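Welcome! Take a moment to turn the model around on your screen before reading on. The report below walks through it piece by piece.

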Number of protein chains: 2
Amino acid sequence: MPLRQASAALQDERAVPANGTGTTDLSLRLLDFLARSAEPVGLSELARQFQASKATIHRHLQTLAYHDFVRQDPATMRYAPGIKLFILGERLRERFDILGVARSEMVRLRDETGHAVTLSTLVDDQVVVLDLIQGHSIVNFGTQPGTVLPLHASAHGKVALAFGPEDLLRRCLARPLKAWTPHTVSTRAALERDLVQIKARGWATSPNQVLQGINGIAVPVFNHAGRYAGGISCAGTVQTIPATPSAAIIKALKRAAAQISRRLGYAGK
Amino acid sequence: MPLRQASAALQDERAVPANGTGTTDLSLRLLDFLARSAEPVGLSELARQFQASKATIHRHLQTLAYHDFVRQDPATMRYAPGIKLFILGERLRERFDILGVARSEMVRLRDETGHAVTLSTLVDDQVVVLDLIQGHSIVNFGTQPGTVLPLHASAHGKVALAFGPEDLLRRCLARPLKAWTPHTVSTRAALERDLVQIKARGWATSPNQVLQGINGIAVPVFNHAGRYAGGISCAGTVQTIPATPSAAIIKALKRAAAQISRRLGYAGK
DNA sequence: CCGTATGGTTCATTAAATGAACCGATGGTT
DNA sequence: AACCATCGGTTCATTTAATGAACCATACGG
């Protein structure tokens, strides 16, 4: 199977690599590629993907492996992401204090509603899923921690737009709004109309926005300074969570959010 | 407060950086340093720590930031670890399938015993904590996910030595056994005696081994091939988990481990 | 108003990253 | 068995690109 061109995986549509070190750039792209690959990848394959010589790739991998960012499967000789990524990633967790205080409330919310519950926050204009409590159904739902959600087409994202930094919407509109499904709100006017409503009622939904048949409902969490600190949401099928959800689930979400906000030092209602 | 010399943080006691790319090496050390720092660090500070020019550090940070491995606090201009570490770290989680199947059993074990429960596995001769379920006590216990445990001085480590790869013990004995406390088993003979007993009875403890007053009890988990796949443990004070633990807790641990092993496809008893 | 921090940039020097060609091993195919 | 095409890894001459001294502009404190 032809893998997607490696360089596209990370650089994506973004403009120029700016003025940095090209060597490091290659190393990081290698690291990213390996972390995104489902299977360990061989040296030659990597050299082909990145259009570099085997010698170059080999030395990069040596250094990455030395720092445990990459490991070589002793049996197949192929390369896989290393444990260091996991270790450093876990260390980053501590920085998001919202994570610790939210956990128990999320579990309670899950038990109340039976739905999968996710926690998100805004990092550098990106909505990132921080934690996930699996729902009480047979099929596993919800976005995994670490996932980046679209600002305009997810419940979490729209909560961030509605209650987050002032100029977030402007930066969001600077690039085209990707239509994930035929139902995705992808025009500026429709999104702004949506946000007015979300601000008024305090919660956002995203029926069929990012995936047909799936819906989410999210509410904001505020910190000690009274500012947006993140969001919590329930996710499920459009059958279980309709576009206009039941008063019960909204109430449960708002209660949980208020509780978390209070624990973060929020003094508001 | 004088920070520890940055270069020592990662290279540690290890011998030579091998033959890799020095540029990448510096980048990775920078990344590691930032991830380990509690607070964001300024450019000049980093240049001093790594004994390199500001220009060099700056360009490295530019590239790291471009890939979201590092972010610059807009207010203080200082540098902090980026969200990419968290994202890639979470992605690594999927690779450890033991994580998914173990979770519910760990929660049940925690509820049964009240103790903090941890899950570990062996990665490149290192025992790494994969998951932690907090105990039901006021004070938070247990080692955080991502932590590397000593092979000879932790319950998890000794389970790995007893039930893991044949030659792990040999490689473990190749370097001196660090004595974390006065009670740490740090002689070859004592360790080997310990392991014989652990193999016979199927569980390991580590009273006062790595921290005075703290004990852990661990049992192995086996995979579909009947080989060691990791371990689960309960942790607590030596008062709550004595050196020779109650039959109840041992039974609970063994039951949970058997259940997880079975879900991993283990056909044994 | 100076002194000394900070983050960031420029540019000539040179150190170091690079790739073509190579090796030894492995594993199918003829 | 001989062959060919892989594989991971290494060598070494070439030249690219990483480097640091010196340089801004700015901010803070006495």
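## Two chains and two DNA strands

Keep in mind that this is a predicted model. Let us begin with DNA strand C and its phosphate oxygens. One of these oxygens is 3.2 Å from an N or O atom in the side chain of A:S53.

The table puts that contact beside other polar contacts to phosphate oxygens of the DNA.

| DNA strand | Protein residue and part | Distance to a phosphate oxygen |
|---|---|---|
| C | A:S53, side chain | 3.2 Å |
| C | A:T56, side chain | 2.5 Å |
| C | B:Q72, side chain | 3.0 Å |
| D | A:L43, backbone | 2.8 Å |
| D | A:Q72, side chain | 3.0 Å |
| D | B:T56, side chain | 2.5 Å |

### Around DNA strand C

Which residues come nearest to DNA strand C? Of the 19 residues around this strand, they are A:T56, A:R59, B:S44, B:R48 and B:Y79. You can sort the residues of this surface by type: 5 are nonpolar, 11 polar and 3 charged.

Several helices share the work of forming this surface. At least two residues each come from α4 (54–66) of chain A and from α2 (22–36), α3 (43–49) and α4 (54–66) of chain B. The most, 4 residues, is given by α4(A). Now look from the DNA side: of the atoms of strand C within 4 Å of the protein, 68% belong to sugar or phosphate, and the rest belong to bases.

### Around DNA strand D

DNA strand D is surrounded by 20 residues, the closest being A:L43, A:S44, A:Y79, B:T56 and B:R59. The residues of this surface divide into 5 nonpolar, 12 polar and 3 charged.

Here α2 (22–36), α3 (43–49) and α4 of chain A, together with α4 of chain B, each supply at least two residues. The largest share, 4 residues, comes from α4(B). Of the atoms of strand D within 4 Å of the protein, sugar or phosphate accounts for 67%, with bases making up the rest.

### A sheet in chain A

Next, find the sheet in chain A. How many strands form this open sheet? There are 6, in the order β5-β4-β3-β8-β7-β6, and their pairing is antiparallel. The edges are held by β5 (148–149) and β6 (204–205), each with a single partner strand, so one side of each is left without a neighbour in the sheet.

Within the sheet, β3 (residues 116–123) and β4 (residues 126–133) of chain A pair over 7 bridges. One residue pair to look for is A:V123 with its bridge partner A:Q126 in β4(A).

Two helices lie across strands of this sheet. Helix α7 (residues 155–163) of chain A lies across β3, β4, β5, β6, β7 (214–222) and β8 (228–237) of chain A, and runs at about 35° to β7(A). The other helix, α5 (residues 83–93), belongs to chain B; this helix lies across β3, β4 and β5 of chain A, at about 40° to β4(A).

### Where the chains meet

Finally, turn to the interface between the two protein chains. Here 59 residues of chain A are in contact with 58 residues of chain B. The size of an interface is often given as the accessible area lost when the parts come together. Between chain A and chain B, the buried area is about 5,300 Å², and carbon and sulfur atoms give 61% of it. On the chain A side, A:Y66, A:F86 and A:R95 lose the most area to chain B, together 15% of what that side buries.

Notes. Residues numbered from 1 in each chain as written. Chains lettered and ligands numbered in written order. Predicted model: local features only at pLDDT ≥ 70, side-chain atom pairs only at ≥ 80, totals over all residues. Heavy atoms only, no water. Near = heavy atom within 4 Å. Polar contact = N/O pair within 3.5 Å; in protein donor to acceptor, adjacent residues only side chain to side chain. Nonpolar A, V, L, I, M, F, W, Y, C, P; charged D, E, K, R; others polar. Pairing = 2+ DSSP bridges. Contact = heavy atoms within 4.5 Å. Axes fitted to C-alpha atoms, helices over the stretch in contact; angles between N-to-C directions. Buried area = accessible area lost by both parts, 1.4 Å probe.
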